[in-house]
Amino acid sequence: MSGPTTVMMSGDPVSILLAAAAIRAAEAVRAGYQEAARLHEAHAASGEQNRAAQSAASAAGQDALAAAVDRAEQRHARLNQLAAPMGLASAAPLRPAGSAPEEVAAYIEQLETRSLSLEKSLFADPAAPLAAFEEGLVSALAEAPPSAPPLPPAPSTDRLLARLATLGPLPEPLDALRREMASTPDSERAERLGIELRRGLQLLEEEAAREASAVVLEQTLKDLGYQVEAVTDTLFVEGGVVHFRRQGWGDYQIRMRLNARAGSANFNVVRAVDGGNSERSQRDVVAEDRWCAEFPALLQALAKRGLQMTVSRRLEAGELPVQLVERDQLPRFAEAESRLPERARRHQEIQ
């Protein structure tokens, strides 16, 4: 049995960024087809207009898929370029000849799988590939003529740049540093610029991973069947509160309060009450037990997407009373169960 639970958070930035990128790509494709369907329905009764709408609908869906393909191909190509000197490159899957959505989606999935494999090879244990890269670089330097082009950024910088590839163009100050580092003939200055650039890239990656964690948390909860209050991108940056629940839980919700500075989060069951009502219910302990049974599945699902939560404090169900919160201070979720007879709804609440 479990009451309020505190977890310490950690995570693999690469996995979190990849998971968030995949979630956003899927959402973009879904939004494209929803817009296509909306256009189709809006003009279904009009002849020429209808044909134009269908064409626009098809184009919207195809454009969304094409954009997702481009992102996946560019990512795989960038990682392959980095992996080639280390002997780790992988061939791209065969691009489908047709444009059937299911075939294109399978192609994107294959690209992402191969990109993830490259990520793990490049970053999980970088010592061996880095040594191979440096050995090749030394050989290239020995053979390079005096007029050879400027050297590329140091391998550790390359790895950081590859990790951040899914975020799009670098902020201008960092990109200016990268360009200056690549073009300077002064090796000492290039080294100083490299240190500054790596520090900036690391900070950018940490910030992006914290923002991506909000995307991962919200989608993971939805995938597990919860109704979720909108999660802001700044949740893992500034801290805050998120509520979620399942249909059928009646007045009960789970409150997650995040302390971004401490890197911890607290989960506890809350019950919505009308103003001034402080009556306790025997169902409170049942609600805590129910949440206790579901909590490990959430931890496992988040861990698969790179967001680790380790329990540091757990109280027994009933050790502290369930927090009572005035109803108007909690988010309102769709109450499909409200159409059930009162007796059936109460039975459902305690399952």
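Is His76 buried or exposed? In this predicted model, His76 is buried, with a relative accessible area of 3%, a value below the 20% under which a residue counts as buried. The residue belongs to helix H2. Beyond its neighbours within four places in sequence, His76 makes contact with Ser90, Ala91 and Ala92. Its other contacts under the same exclusion are Leu111, Arg114, Ser115 and Leu118.

A second residue of helix H2, which spans residues 47-83, is Ala72. Ala72 is buried as well, and its relative accessible area is 1%. Once residues up to four places away in sequence are set aside, Ala72 touches Ile108, Leu111, Glu112 and Ser115. Leu111 and Ser115 therefore appear in the contacts of Ala72 and also in those of His76, a buried residue. The separation between Ala72 and Gln110 is 38 residues in sequence, while their C-alpha atoms lie 9.3 Å apart in space.

The setting for these residues is a protein chain of 351 residues, of which 38% are buried. Its secondary structure consists of 10 helices and seven strands. Among contacts in the protein chain with a separation of 6 or more, 67% are between residues 24 or more positions apart. The accessible surface of the chain is about 19,100 Å². Carbon and sulfur atoms contribute 53% of that surface.

Two helix pairs, both involving helix H7, were examined further. Two packed helices are described by the angle between their axes and the distance between the axes. For helix H6 (residues 172-183) and H7, the axes come within 9 Å and the crossing angle is roughly 150 degrees. Angles over 145 degrees count as roughly antiparallel, so H6 and H7 are assigned to that class. The crossing of these two helices is left-handed. On the H6 side, the contact is formed by Leu174, Leu177, Arg178, Glu180 and Met181. On the H7 side, the residues include Arg189, Ala190, Leu193, Gly194 and Glu196, and also Leu197, Gly200, Leu201 and Leu204. By class, the residues of this contact comprise eight nonpolar, two polar and four charged.

The other pair consists of helix H7 (residues 187-223) and helix H9 (residues 283-304). Here the axes come within 10 Å and cross at roughly 130 degrees. H7 and H9 are therefore oblique to each other. The crossing of H7 with H9 is right-handed. In this contact, Val216, Leu217, Thr220 and Leu221 of H7 meet Leu298, Ala301 and Leu302 of H9. Six of the residues in the contact of H7 with H9 are nonpolar and one is polar, with no charged residues. The contact of H6 with H7, by comparison, has four charged residues.

A buried position was also examined in a strand. Ser264 is located in strand S5, which covers residues 264-273. Its relative accessible area is 13%, and Ser264 is therefore classed as buried, given the limit of 20%. With residues up to four places away in sequence left out, Ser264 touches Val7, Met8 and Met9. Under the same exclusion, Ser264 also touches Arg257, Leu258 and Asn259.

How values were computed. Residues numbered from 1 in each chain as written. Predicted model: local features only at pLDDT ≥ 70, side-chain atom pairs only at ≥ 80, totals over all residues. Heavy atoms only, no water. Helix = DSSP H or I, 4+ residues; strand = E, 2+ residues; numbered from the N terminus. Buried < 20%, exposed > 50% of the residue type's maximum accessible area, 1.4 Å probe, protein only. Contact = heavy atoms within 4.5 Å. Areas by Shrake-Rupley, 256 points an atom, 1.4 Å probe, with all protein chains shown as cover. Axes fitted to C-alpha atoms, helices over the stretch in contact; angles between N-to-C directions. Parallel < 35°, antiparallel > 145°, perpendicular 65-115°, else oblique. Left-handed = near helix turned anticlockwise from the far one by under 90°. Nonpolar A, V, L, I, M, F, W, Y, C, P; charged D, E, K, R; others polar.
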